[in-house]
Amino acid sequence: MTAIENAVPAVSDRLSRWTLLIFACALVNFLLGQALIVAGVTWPEVAFTAGSTLAAVHLITLGWLTLLMFGALFQFVPVITTKPLLNQWLSLAVLILVEFGLTGMTVGFLALNRGASGLARCLPFGGTLVLAGVLLAMGNIVTPLLCSRPLALPGRFVLAGLAFLLATVLLGFTFALALSVPAFTPLAAPLLASGVGYHVLAGLGGWFTLTAMGVSYKLLPMFMLAPEERGWWGECVLQFGISGFGLSVIAGLLSVWRPQAVLLNAVQHLGWLAIAVAVMAYLIDVLRLYRTRKRARIELHNRAACGAFLSLAAALVIAVVLVASHRLAAYAPALVLLVLFGWLSGLGLTQLYKIVPFLTWITRYGHQLGRDAVPRVQDLVDEARTSPWFVIYFLGVALAALGAFINVAYVCRTGAAVSAGATLGLGFEYWRAWRGHYAGRTRPATPIPPPYLSRGGPAP
Amino acid sequence: MSTHALPSREYVLDALHEVIDPELGYNIVDIGLIYGLEVADNLIKVTLTMTTPGCPAQDYIMEGVKQRGLRIPGVQDVDIHLVWEPPWSPQKMTPIAKAHFHIEDDTP
């Protein structure tokens with residue numbers, strides 16, 4: 001045995017101090033985005049490219065999912081790499097820049113709806129702040145990743161995801177300039193006309209999906225006591241994922257200017273195929289992970305995450321059918337909705353149900369360990385009370401996706417309202433966990449210690 | 001100088017049962033995180049590991065072991081060595097912890 005550390009620091013640098021605040025802001029943004037959809041001012045009631053739709057989409061993608069990913073990465077990249085972040089305060093700066101930038105973008109998008117060109121200038125202004133926030137976040141996250149050798153599989157997923165994030169944000173910034181600054185419009189007109197889909201693909205696929213896969217490769221084994229080593233399957237998912245999303249986005253963007261190029265079209269289809277292989281391999285590997293877990297009775301966040309994996313599987317099947325039948329463009333918004341709400345937001349909400357109590361425990365009870373009786377992380381939540389919210393959430397998503405695919409707006413809105421209600425319910429449960437609402441009632445107070453504190457086996 | 005007698009190894013292990021891994025929600029002794037324990041000259045030397053490298057609760061668990069050790073009469077210092085070899089696995093749990101987590105015993 002090799003001792004690598006023998007000093008206990010007074011204050012842990014393994015805790016990301018701003019992650020819980022970032023999660024809270026992200027959840028508020030998600031609820032605001034959902035509220036716009038439920039109010040009927042976004043697609044499918046109006047065009048997918050309408051300003052109000054773009055406002056809702058960016059509240060969800062930038063305000064919710066990107067901040068959620070940043071908050072999670074600020075906490076878990078040091079876990080993956082065992083190296084600290086560049087600076088804890090950078091995390092707060094990122095939150096401020098992204099929130100202000102998003103506000104500017106939302107005002108700009110809504111102004112586009114009303115043709116208010118003055119206020120539309122908020123769009124590139126907000127975009128600049130978001131770009132600055134993203135660059136700061138990347139610096140904070142990439143530093144420990146680059147200091148870690150060899151970099152574990154989850155870290156390599158995150159690095160790839162961040163590269164796609166940069167591409168997504170730069171593309172988005174170009175769109176913002178084209179939409180609001182007349183001088184840029186002719187220059188970026190072809191990109192604006194047929195390049196938006198690749199901005200969406202780079203974001204939803206390259207950034208969110210690859211990063212979510214990488215983080216799940218650390219979290220799922222850790223919480224289910226399953227083997228972390230993913231071997232050939234993990235490599236397959238990573239390599240096919242990077243090449244698939246990379247080829248599709250690059251060839252797609254080039255084809256904006258050369259739409260008739262046969263080679264670009266072939267490369268793009270090769271990319272689609274690689275994405276399908278990556279997603280299928282990931283889903284099979286996740287199934288293997290669940291089957292080989294040592295923890296027989298898994299916790300709610302891992303049970304509920306199955307809804308997200310099912311959504312991803314459904315999205316894969318539907319996407320394959322749509323690409324094969326050349327109908328992808330017609331149903332792309334519905335597919336985006338399924339991926340955004342079912343796979344990405346579903347996974348995010350379920351994992352928050354573990355991460356929030358865990359960080360709460362560290363913040364509130366960590367320093368009492370060894371000095372006093374402390375609750376367990378499990379004691380901070382009430383799974384029986386929360387599990388219906390996850391069921392309702394995924395049922396709402398299924399209904400909204402159905403409405404989107406059959407193009408019946410009120411069905412889509414009803415589903416969105418159901419999932420928004422469930423998100424609110426889950427938000428209250430995260431709040432209760434953070435407030436220690438359930439901790440007192442399950443705290444060990446009896447003279448006879450509970451089994452998890454009692455002597456149960458031979459001495460080491 | 002302390003007037004208390006030196007605590008036995010068994011006594012110290014019993015005390016460390018009060019330190020939990022917060023995520024698994026079970027004491028670190030039965031989970032198998034304690035790899036070695038020496039008691040000598042009012043000093044406890046604990047060799048321990050974590051369930052996963054870089055665990056966010058790592059510093060708190062180590063501090064918890066130190067604080068619980070220092071509360072034992074006669075103990076003046078607690079020396080903690082964190083190790084990663086051999087890596088922890090669920091098979092390092094005691095039978096009662098394995099039963100709690102419904103983990104099959106693979107030991108021959």
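**Notebook: salt bridges, a domain contact and unusual backbone spots**

**Entry 1. A buried pair across two chains**

I looked up Glu23(B) and Arg295(A) and noted that both are buried; buried means under 20% relative accessible area, exposed over 50%, and partly exposed in between, with a 1.4 Å probe and protein chains only. I record that this is a predicted model, in which local features need pLDDT of at least 70, side-chain atom pairs count only at pLDDT 80 or more, and totals for chains, interfaces and linings use all residues. Residues are numbered from 1 along each chain as its sequence is written, chains are lettered from A and ligands numbered from 1 in the order in which they are written, and side-chain values use heavy atoms, with hydrogens and water left out.

The side chains of Glu23(B) and Arg295(A) form a salt bridge, with N to O at 3.3 Å. I use the term for a side-chain nitrogen of Lys or Arg within 4 Å of a carboxyl oxygen of Asp or Glu. This pair crosses between chains: Glu23(B) is in the loop between strand 1 (20–21) and strand 2 (26–27) of chain B, and Arg295(A) is in the loop between helix 10 (262–291) and helix 11 (300–324) of chain A. Helices (H or I, at least four residues) and strands (E, at least two) are DSSP runs, numbered from the N terminus.

I then asked which residues are linked with Arg295(A) in a network of salt bridges. They are Glu299(A), Lys354(A) and Glu23(B). Between Glu299(A) and Arg295(A), the closest N and O atoms are 3.7 Å apart. Glu299(A) counts as buried because its relative accessibility is 9%, and Arg295(A) does so at 4%.

**Entry 2. A further bridge between chains**

I found a salt bridge between the side chains of Glu63(B) and Arg371(A), at 3.8 Å from N to O. It too runs between chains, from helix 3 (residues 58–70) of chain B, which holds Glu63(B), to the loop between helix 12 (328–364) and helix 13 (383–405) of chain A, which holds Arg371(A). Is Glu63(B) buried or exposed? Glu63(B) has a relative accessible area of 15% and is therefore buried, whereas Arg371(A), at 40%, is partly exposed. Over all chains I note 15 salt bridges in the structure.

**Entry 3. Domain 1 against domain 3 of chain A**

Chain A is divided into domain 1 (15–151), domain 2 (173–213 + 230–292) and domain 3 (299–438); these bounds come from an automatic or database domain assignment. The centres of domain 1 and domain 3 of chain A, taken over C-alpha atoms, are separated by 19 Å. Their contact (heavy atoms within 4.5 Å) takes 23 residues from domain 1 and 30 residues from domain 3 of chain A.

I noted about 2300 Å² of area buried between these two domains of chain A, with carbon and sulfur atoms giving 85%. Buried area is the accessible area (1.4 Å probe) that two parts lose on being put together, summed over both. Leu20(A), Val38(A) and Trp43(A) supply 23% of what domain 1 of chain A buries against domain 3 of chain A, more than any other three residues.

I counted one salt bridge between domain 1 and domain 3 of chain A. I also looked up Arg413(A) and Glu45(A), whose side chains meet in a salt bridge at 3.2 Å, N to O.

**Entry 4. Thr53(A)**

Thr53(A) lies in helix 2 (residues 51–81) of chain A, and its 4% relative accessibility is why it counts as buried. Leaving out residues up to four places away in sequence, I find that Thr53(A) touches Val41(A), Thr42(A), Trp43(A), Val46(A), Ala47(A) and Phe48(A).

**Entry 5. Backbone spots**

Where are the cis peptide bonds that I noted? One joins Trp43(A) and Pro44(A), with omega about 10°; Pro44(A) is in the loop between helix 1 and helix 2 of chain A. Another joins Glu85(B) and Pro86(B), with omega about -5°; Pro86(B) is in the loop between strand 5 (77–83) and helix 4 (95–100) of chain B.

I also looked at positive phi values in residues other than glycine: phi of Asp41(B) is near 50°, and phi of Asn42(B) is near 60°. Asp41(B) is in the loop between strand 3 (34–40) and strand 4 (43–48) of chain B, and the place of Asn42(B) is also in the loop between strand 3 and strand 4. Asp41(B), at 70% relative accessibility, counts as exposed, whereas Asn42(B), at 23%, counts as partly exposed.
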